[in-house]
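Let's take a friendly walk through the charged side chains of a protein and see how they pair up. Have the sequence and the 3D view ready as you read.

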Amino acid sequence: MSTFDRNWRELQLETLVDLSLSIGGVRAEEEVVEELLQRAVGTLDARAGLVVTQHSGGREGVARAVAMSASLDSARGLVEVEIDKLAGGDAVRLAPSRDGAPSEIIAAPMLWQRELIGLVILGDKEARWGQIPFDDADMRFLLSLATMGAAAVWTSRTVA
C-alpha cells in the first residue's frame, strides 16, 4: 500500500471517529443531516451531495444538499431503479440518465431496525486532474457514515 493510500485510509478512519463523537449525543435532526452531508462530500471529494431523511409512511423529514436539489422526491428520482437494494441495506453505484444529474452517483441507505429512514447520495468524485470514479472503498465508507447517521437521527427523534 502506498503512503498516499495509507494516509487516505487514515483520513477516512479519523472522519468516522470525528463524526461519531460529534453526533454521539442528542442533536437536532437538522444538525445531524448537515454534519453528515459535509463529512461525506468533503471526505470523498464529491462535487455534489444530498442527505435526506424520511418518516414512516414516506413523508420527508430533513433534506440538505450541495449542488443537487434538496428534496426526498429528487433523491427518489435519482435512485429509484435501485431502491430495493438500498432498502435491503446495500450501497449502490449508478450512472443516471436524467438531465442535470451527476454522471456517477453512489448512494447509501440510512437504516434503523430494517426501516429506511433516509438516504445519503454523492455525485461525481473530483481529483486534481478531473473527475474520477468512486471505488468500492468509497461505497463502504459512505455506508458507514449513513449507518452512524441513521442511529443519530433515530436518537434525535426518540429523545426530542
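A salt bridge here is a side-chain nitrogen of Lys or Arg within 4 Å of a carboxyl oxygen of Asp or Glu. Keep in mind that you are looking at a predicted model. With that definition, Arg93, Glu104 and Asp136 turn out to be linked in a network of salt bridges.

Let's look at one contact in that network. Glu104 and Arg93 meet through their side chains, 4.0 Å from N to O. This pair connects distant parts of the chain: Arg93 belongs to strand E3, while Glu104 lies in the loop between strand E3 (92–94) and strand E4 (105–112), 11 residues apart. Glu104 is buried, because its relative accessible area of 12% falls under the 20% cut-off. Arg93 is partly exposed, at 33%.

The network is part of a wider set, as the whole structure holds 10 salt bridges. Another of them joins Arg157 to Glu29, with the closest N and O atoms 2.9 Å apart. Here, too, distant parts of the chain are linked: Arg157 sits in helix H5 (residues 136–159) and Glu29 in helix H2 (residues 29–43), 128 residues apart. Glu29 is buried, with a relative accessible area of 9%, whereas Arg157 is partly exposed at 28%.

For a pair within a single helix, turn to Arg76 and Asp73. Both lie in helix H3 (residues 72–79), 3 residues apart, or about one turn of the helix. Their closest N and O atoms are 3.9 Å apart. Arg76 counts as partly exposed at 33% relative accessibility, and Asp73 counts as exposed at 60%.

How values were computed. Residues are numbered from 1 along each chain as its sequence is written. This is a predicted model: local features need pLDDT of at least 70, side-chain atom pairs count only at pLDDT 80 or more; totals for chains, interfaces and linings use all residues. Side-chain values use heavy atoms; hydrogens and water are left out. Helices (H or I, at least four residues) and strands (E, at least two) are DSSP runs, numbered from the N terminus. Buried means under 20% relative accessible area, exposed over 50%, partly exposed in between (1.4 Å probe, protein chains only).
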